[in-house]
Amino acid sequence: MENTAILREWFDRVDSDRTGNITAAQLKSTFAIGNLDFPLTVVQQMIRMYDFDRNGTMSFQEFVALNKFLLKVQHAFSELERGHGYLVPDDVYKALGKIGFSLDSPAFYTACESFDQKKNGRYRLDDFISLCIFLQSARNLFDSFDTAKQGRITLDLNQFIFCTANCRI
């Protein structure tokens, strides 16, 4: 959905109470209509990623930003799934690279293991999106501490607890 008018129409349908914002529950139920089954925690993380005004809901502007990210993720998935409807770990690694995530093997396999819902090494689109939401949230949080942009940070215990609480899915 790249056309702003189409996005606006879709957003207005989801915003059933006409507040100008959508909640995680509204977004989750809409994803389910499209056969994307995300845990509520993942949908909440999606909202946190783009909740620029920090009100816990998603405005239209925030929704457009989320949609742009999801289109990029979906495109990377579609390029590599070969009609199977899923990616295997090697393809997940390649797709993450296309999106701009460069992980070493231990980080990659640890993250993948957490998002392989059926523990069968096959990542459906919703699994892959959940993984990407986690990685982007972690990157955003890391970048907020990496003020010198050196790719390394030092955290005290309070900062570490803040990080783990904000990257949970």
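S130 is buried, with a relative accessible area of 2%. I'd like to start there, with everyone looking at the model on the screen, which is a predicted one. S130 sits in helix 7. If you look for a partner elsewhere in the chain, try S114: the two serines are 16 residues apart in sequence, and their C-alpha atoms are 9.9 Å apart in space.

Let's stay with helix 7 for a moment and turn to the pocket. The largest pocket holds about 600 Å³ of space. How many residues line the largest pocket? There are 20 of them, and F134, L135, A138, R139 and F142 lie nearest the centre. Three elements give two or more residues to that lining: helix 6, residues 105-115, helix 7, residues 125-145, and helix 8, residues 157-166. Helix 7 provides the largest share, with seven residues. For those of you already thinking about chemistry, the lining divides into 14 nonpolar residues, four polar ones and two charged ones. As a quick reminder of the idea behind such numbers, rolling a probe the size of a water molecule over the atoms shows where empty space is left.

Now, cysteines. How many disulfides does the structure hold? The answer is zero. Take C112 and ask why: its closest cysteine sulfur belongs to C132 and is 9.5 Å away, which is too far for a bond, given that a disulfide needs the two sulfur atoms within 2.5 Å. Seen from the other side, C132 is in no disulfide either, and the nearest cysteine sulfur is that of C112. Both of these cysteines are out of reach of the probe, or almost. C112 counts as buried at 2% relative accessibility, and C132 is buried too, at 0%.

On to the loops and the backbone around helix 6. P106 is found in helix 6. Is P106 buried or exposed? It is exposed, with a relative accessible area of 56%. Just ahead of that helix, G100 lies in the loop between helix 5, residues 89-99, and helix 6. G100 counts as partly exposed, at 40% relative accessibility. Its C-alpha is 9.8 Å from that of Q136, a residue 36 positions away along the chain. On the other side of helix 6, K119 is found in the loop that leads to helix 7. K119 is exposed, with a relative accessible area of 56%, and it has a positive phi of about 55 degrees although it is not a glycine.

K119 has company in that respect. R18 is not a glycine, yet it has a positive phi of about 60 degrees. Where is R18? Look in the loop between helix 1, residues 4-14, and strand 1, residues 21-22. R18 counts as exposed, at 59% relative accessibility. And here is a distance to keep in mind when you rotate the model: the C-alpha atoms of R18 and P106 are separated by 45 Å, with their positions 88 residues apart along the chain.

Another positive phi turns up just after helix 4, where R82 takes a value of about 50 degrees. That brings us to helix 4 itself, residues 60-80. It has 21 residues and reaches 30 Å from its first C-alpha to its last, close to the 30 Å expected at 1.5 Å a residue. Which of its residues are buried? The list is F60, E62, F63, L66, N67, F69, L70, V73, A76, F77 and L80. E79 is in helix 4 as well, but this glutamate is partly exposed, with a relative accessible area of 40%. The C-alpha atoms of E79 and D91 are separated by 9.6 Å, and the two are 12 residues apart along the chain.

Last, a word on annotation. UniProt, in an unreviewed entry, places the feature "domain: EF-hand" at residues 2-37 and 38-73. For the span 38-73, the model gives 69% helix and 6% strand, and the end C-alpha atoms lie 15 Å apart.

That's my tour, thanks for listening, and I'm happy to turn the model around for anyone who would like another look.

Technical notes:
Residues numbered from 1 in each chain as written. Predicted model: local features only at pLDDT ≥ 70, side-chain atom pairs only at ≥ 80, totals over all residues. Heavy atoms only, no water. Buried < 20%, exposed > 50% of the residue type's maximum accessible area, 1.4 Å probe, protein only. Helix = DSSP H or I, 4+ residues; strand = E, 2+ residues; numbered from the N terminus. Expected span 1.5 Å × (residues − 1). 1 Å grid on protein atoms, 1.4 Å probe; cavity = no way out; pocket = protein on both sides within 12 Å on 5 of 7 lines; lining within 4 Å. Points joined across faces, edges and corners; volume = space filled by probe spheres on them. Nonpolar A, V, L, I, M, F, W, Y, C, P; charged D, E, K, R; others polar. UniProt positions renumbered as here; feature names shortened; annotations may be inferred.
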